[in-house]
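User: I am new to this structure and would like a close look at one part, the shell around the ligand. Please then place that part in the chain as a whole.

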Amino acid sequence: MSATLTAQCCIVGGGPAGLMAGFLLARAGVDVIVLEKHADFLRDFRGDTIHPSTLRLMEELGLLDEFLQLPHHKTYALSAWIGERQYRIADFSSLPGRCNFIAFMPQWDFLDFVAEHARALPNFRLSMKTAAEDLIWDGDRIRGVSATSPEGPLEIRADLVIAADGRGSRLRPAAHLDVDDFGAPMDVSWFKLPRKDSDPDETFGRIVPGRMLIMIDRGSYWQCGCVIPKGGAEELRHKGIEAFRDSIAAATPFLADRVETLADWTQINLLTVQVNRARTWSRPGLLCIGDAAHAMSPVGGVGINLAIQDAVAAANLLAAKLRGNALSDADVAAVQSRREFPVRVTQRLQLAIQNRVVSSVLAADKPFEAPLALRLFDAIPLLRRLPARLIGLGVRPEHLET
Ligand SMILES: Cc1cc2nc3c(=O)[nH]c(=O)nc-3n(C[C@H](O)[C@H](O)[C@H](O)COP(=O)(O)OP(=O)(O)OC[C@H]3O[C@@H](n4cnc5c(N)ncnc54)[C@H](O)[C@@H]3O)c2cc1C
């Protein structure tokens, strides 16, 4: 026998999209339950970027000062090194207001912070170690989800189910929502290396023929992402960890004295890059947001930003209707109408960079000239405001209306 819970909104997934949507809806008076299958938010690295748009949201919530008490590392600029030459790409300090930097912070600290504030609200419930298994249908309308929890099977009946269960979403296919897959020429191997005070103090990309290395300054260490050809992980392993270490040292000579700390492949995590978008984000009774609606390329590191922006838009558009028990299918569909444009534009830019720049760098076997756009950004400081806005704030940034 399943226990049954009811809520106005049941959110599946306690990632950036789900937790933020839960917090904002509950704050606006909606009775919310969030299901998260893990016991905590401690996960392997999956992006630690808190973008200026998210910092602005914290400011609009009156939580910015408290949030910035958490340990973090600020980055005001992004650059790329091609061979021995540095090209400055984005200047976040040009953004107006206080939130003119990217804060790097472990994602679990961010999620813990949001969860703590949400839990203080009487109409917010967070059910950890609870995995949604399937949708509950009533004709062609979704009425809730079935789940398993430590206490046994559970049914959650709700006016709206929000699927925020990430790129491997279980609920999206269960709702028969089709996805367009745009493909990617690369995967990314993530690992950490110690950082020294004498190292450059900036987050940057290092580009040499056949290799791209993303280096995120995390204070005491570098979070490194080695871009490899799609499906190339097996070949990389086959060549051995020593060859991998050598290739990192060859691409970034100042790391040569510490690549030895990579002792085996358990220290290296593979991100299988996916870029896709659901054609329809909703069904009667269900809405997909975040990676469940659109998995983003790692180009620009904007997946978390878009996931949180979806949550803000969903709360702005749906809170009053949910609270007043007056939610229509058109209200739910309006979230896609609002958010699909920013997602489309961002994915189109990411695909252009993937297909033109990343593919040719990975295929190159001799030194090449920097792309024109990079040379222009470096030469004309004013132009660096454009990538700063696109990465930091995104297309058509959302503001809190609840
Ligand atoms: C290695 C890696 C590095 C990345 N780097 C960056 C970066 O630097 N910057 C950036 O912006 N983005 C980055 N991303 C992308 C970013 O992590 C995602 O875009 C973002 O987390 C999407 O948020 P989300 O809430 O939609 O989904 P997720 O963060 O995937 O959260 C989904 C949540 O749902 C839970 N869940 C799944 N299924 C169920 C179920 N059946 N029942 C209950 N709970 C469930 C999961 O446990 C998870 O907590 C990276 C991703 C990876 C994997």
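Analyst: Start with α8, which gives the most to the shell around the ligand: four residues. Keep in mind that this is a predicted model.

Which residues come nearest to the ligand? They are Gly15, Gly47, Gly166, Gly290 and Gly303, out of 34 residues around it. Three elements each give two or more residues to this shell: α1 (16–27), β9 (131–138) and α8 (303–323). By class, 16 of the shell residues are nonpolar. Another 12 are polar, and six are charged.

Stay with α8 and follow the chain onward. A loop links α8 to α9 (329–363), and Asn325 lies in it. What is the sign of phi at Asn325, positive or negative? Phi there is positive, near 50°, and the residue is not glycine. Most residues other than glycine have a negative phi. Asn325 has 8 other C-beta atoms within 10 Å, so this residue is exposed.

A second residue can be read in the same way. His176 sits in the loop between α5 (171–174) and β12 (179–181). Its phi is near 60°, again a positive value in a residue other than glycine. Is His176 buried or exposed? His176 counts as exposed, because only 12 or fewer C-beta neighbours are allowed for that label and His176 has 10 inside 10 Å.

Now step back to the chain. It holds 11 helices and 20 strands. The radius of gyration is 22 Å, close to the 21 Å that the globule rule gives for 402 residues, so the chain is as compact as a globular protein of that length. Its C-alpha atoms fill a box of roughly 60 × 45 × 35 Å along the principal axes. Of the 402 residues, 45% count as buried. Take the contacts between residues at least 6 apart in sequence: 74% of them join residues at least 24 apart.

The chain is divided into two domains. Domain 1 covers 3–182 + 274–392, and domain 2 covers 186–229 + 232–271. Their C-alpha centres lie 26 Å apart. Where they touch, 22 residues of domain 1 are in contact with 22 residues of domain 2. On the domain 1 side, β4, β5 (77–82) and α9 each give two or more residues. β5 gives the most to that side, with six. The residues of this side divide into 14 nonpolar, five polar and three charged.

One of those elements, β4, also belongs to a sheet. Three strands form this open sheet, in the order β3-β7-β4, with antiparallel pairing. At the edges are β3 (49–50) and β4 (73–75), each pairing on one side only. β4 pairs with β7 (residues 102–104) over three bridges, in the antiparallel sense. One residue pair shows the match: Lys74 has Ala103 in β7 as its bridge partner.

To sum up, return to the helix at the start. α8 gives four residues to the shell around the ligand, and the loop after α8 leads to α9. α9 in turn is among the elements on the side of domain 1 that touches domain 2.

Terms used: Residues numbered from 1 in each chain as written. Predicted model: local features only at pLDDT ≥ 70, side-chain atom pairs only at ≥ 80, totals over all residues. Near = placed C-beta within 6 Å. Nonpolar A, V, L, I, M, F, W, Y, C, P; charged D, E, K, R; others polar. Pairing = 2+ DSSP bridges. Rg over C-alpha atoms; globule rule 2.2 N^0.38 Å. Buried ≥ 20, exposed ≤ 12 C-beta atoms within 10 Å, placed from the backbone. Contact = placed C-beta atoms within 7 Å. Domains from an automatic or database assignment.
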